[in-house]
Amino acid sequence: MQTLLEAFRLLLGADPELRQIITVTLQMSLLSTGISALLGIPLGVLIGANDFKAKRLVNRLLHTLMGLPPVVAGLIVFLLLSRSGPLGSLKLLYSVAAMVIAQVVLITPIITGLTANVVSIKAPLIQETAAGIGLSPFRRMLYTIYECRVPFVSNILAGFGRAIAEVGAVQMVGGNVQFKTRIMTTAIMMQTNMGHFEFAIALGIVLLLISFLVNLLVGRIQEKTLSA
Amino acid sequence: MKYVFKKFLFVLILGVMILSLAACAKKIENPVIRLSTTTSVNDSGLMAYLQPVFEADTGYTLEVTSAGTGAAIEKGRTGDADALLVHAKASEEAFIGEGFGEERVPFMYNFFVIVGPEADPAGVKGVATAAEAYQKIADAGATFISRGDDSGTHKAELKIWGALGYDPTGQPWYVSVGDSMGRVLTVADEMVAYTFTDKATYLAHDNALSLLLEETDDMKNTYAMIAIKPERYPDTNYEGAQAFIAWMTSEKALKLIAEYGVEEYGEQLFFVP
């Protein structure tokens, strides 16, 4: 009980380190989600809207990547960025950039897959309309995105929710460095290991609130989409 | 003939029953000892080396958990351990003062060392004390990786900064990761940076860091065991803890400890008095 009160006190008092951790977390998650969306949505539209020879293979590959265990993604990125690895000279290990890279690897397939699913349902109707108006392929893509904007927002939010909850991969490539790459999830793990539960609980509360908010929004959008 | 055979069988069965009863009587009441130790001790491989011998000699089963010193000692307060094996004298004495532990039994020691890049840009090699080395690192703004996890090693590191009257927190070259010795060495290896470590973990860890400073007076690291008093948590295995401490301080165990690492690394990793 005492611990819980102390956690709230930390939150309300806006402990500077707590604020800094939340800020870095949001920066990293927003950047990761943004990049993953920029990559995943066009790719998902292409896959969902078109029929092509390798479509089944691509779909299978996509679903495999969607289920990529985060620690494996972390390991791969770590080996790439490590001093003895191919990209070691970039000195990206233990930075926010490294965490973003690992997250993009994890989240892009998710957004791509979700997008492809949505588009494949709406594709026939969009194709009809686009052919009727005589849209170029590029404009057809923009039209598709516009038509599916509501579920796409939901997918992006789902990607963000995934980004902010990630702990394994970002711990490995970020290093949980104080003031630099310490984010909410890695901080919670560290503080719990040290037995400092007030800080961990305070961060946990913030993370839960953000998670709930994101999932609430996703749920609302999905309801609206279904009833539309 | 049949009668003799039946009698023999009867005696045989009786004998087996008596023997198994005797074996039952010899069985230890609570055979599991929960030992809470630090990540440094665990990462050095010492417990994995001693455990099978201890278990074979005494019949006890050792359950070893490791965490940073602060968390390792905390297990003694929350009733999650029967014995502690840590290396933070001040914290240990406070723990015993609070009434959780019986007494401090120091039994082995080693030295912290300073490791870092082979090129040694801060010029740490060959100075007389760790404090001097730290001063050079701070002056050069050379990257230094800290445990940052309230562990025994971290407390020892802070003590040295304290001796200089200097707080490196927040400096761009001071990298605090809040994790175990093994991981700190990995980060130091990756960033080609200085760090403060116990020699055992450094040798057992695969890295390209150079040993720059060792065996100064301000880097001596003493390990002690504490049996947890059973008053607060009645199912604490007090007998087991006593048996463990007795075995660890026996001539046989001390000899094993002194021999640990000699074959593999060419030198002792732990010293016994």
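# A guided tour of chains A and B

Begin with chain A as a whole: along its sequence, the pattern of elements reads α-α-α-α-α-α-α-α-α-α. The model on the screen is predicted. Chain A holds 10 helices and zero strands. With the view set along the principal axes, the C-alpha atoms of chain A occupy a box of roughly 65 × 45 × 25 Å. Of the 228 residues in chain A, 39% are buried. Among contacts in chain A with a separation of 6 or more, 80% join residues 24 or more positions apart.

**Stop 1: helices α4 and α5 of chain A**

Select residues 70-81 of chain A, which form helix α4, together with residues 96-133 of chain A, which form helix α5. The axes of these two helices come within 9 Å and cross at roughly 135 degrees. α4(A) and α5(A) are therefore oblique to each other. The crossing in which α4(A) passes α5(A) is right-handed.

Now display the side chains at this crossing. On α4(A), the residues in contact are P70(A), A73(A), G74(A), V77(A) and L81(A). On α5(A), the partners are A98(A), I101(A), A102(A), V105(A) and L106(A). Sorted by class, the contact of α4(A) with α5(A) comprises nine nonpolar residues, one polar residue and no charged residues.

**Stop 2: the loop between α4 and α5 of chain A**

Next, centre the view on Y94(A), which is placed in the loop between α4 and α5 of chain A. What is the sign of phi at Y94(A)? Y94(A) has a positive phi of about 65 degrees, although it is not a glycine. As background, most residues other than glycine have a negative phi. Is Y94(A) buried or exposed? Y94(A) is buried, since 24 other C-beta atoms lie within 10 Å, and the cut-off for a buried residue is 20 or more.

**Stop 3: helices α2 and α7 of chain A**

Select residues 16-49 of chain A for helix α2 and residues 149-165 of chain A for helix α7. These helices pack at an angle of about 135 degrees, and their axes are 9 Å apart. α2(A) and α7(A) are therefore oblique to each other. The two helices, α2(A) and α7(A), make a right-handed crossing.

Show the residues that meet here. α2(A) contributes T25(A), S29(A), S32(A), T33(A), S36(A), A37(A) and I41(A). α7(A) contributes F152(A), I156(A), G159(A), F160(A), A163(A) and I164(A). The contact of α2(A) with α7(A) contains seven nonpolar, six polar and no charged residues.

**Stop 4: helices α2 and α6 of chain A**

Keep α2(A) selected and add helix α6, residues 137-147 of chain A. Here the axes come within 10 Å and cross at roughly 100 degrees. α2(A) and α6(A) are therefore roughly perpendicular to each other. From α2(A), I41(A), P42(A), V45(A) and A49(A) meet M141(A), T144(A) and I145(A) of α6(A). In the contact of α2(A) with α6(A), six residues are nonpolar, one is polar and none is charged. I41(A) is worth labelling, for I41(A) takes part in the contact with α7(A) and also in the contact with α6(A).

**Stop 5: the two domains of chain B**

Turn to chain B and colour it by domain. Domain 1 of chain B covers 32-110 + 221-265, and domain 2 of chain B covers 112-219. The C-alpha centres of the two domains lie 26 Å apart. How many residues does each domain give to the contact? Domain 1 of chain B gives 17 residues, and domain 2 of chain B gives 17 residues.

On the side of domain 1 of chain B that touches domain 2 of chain B, select α2 (39-44) and α4 (69-77) of chain B, the elements that give two or more residues. The largest share of that side, four residues, comes from α2(B). By class, the residues on that side of domain 1 of chain B are four nonpolar, 12 polar and one charged.

**Stop 6: the loop between β5 and α7 of chain B**

Finally, centre on D150(B), found in the loop between β5 (144-146) and α7 (152-164) of chain B. D150(B) is not a glycine, yet has a positive phi of about 60 degrees. D150(B) counts as buried, with 21 C-beta neighbours inside 10 Å.

Definitions and conventions
Residues are numbered from 1 along each chain as its sequence is written. Chains are lettered from A and ligands numbered from 1 in the order in which they are written. This is a predicted model: local features need pLDDT of at least 70, side-chain atom pairs count only at pLDDT 80 or more; totals for chains, interfaces and linings use all residues. Axes are lines fitted to C-alpha atoms, for helices over the stretch in contact, and angles run from 0 to 180 degrees between N-to-C directions. Angles under 35 degrees count as roughly parallel, over 145 as roughly antiparallel, 65 to 115 as roughly perpendicular and the rest as oblique. A crossing is left-handed if the near helix is turned anticlockwise from the far one by less than a right angle, and right-handed if clockwise. Two residues are in contact if their C-beta atoms, placed from the backbone, lie within 7 Å. Ala, Val, Leu, Ile, Met, Phe, Trp, Tyr, Cys and Pro count as nonpolar, Asp, Glu, Lys and Arg as charged, and the others, Gly among them, as polar. Domain bounds come from an automatic or database domain assignment. A residue is buried if 20 or more other C-beta atoms lie within 10 Å of its own, exposed if 12 or fewer, and partly exposed in between; C-beta atoms are placed from the backbone.
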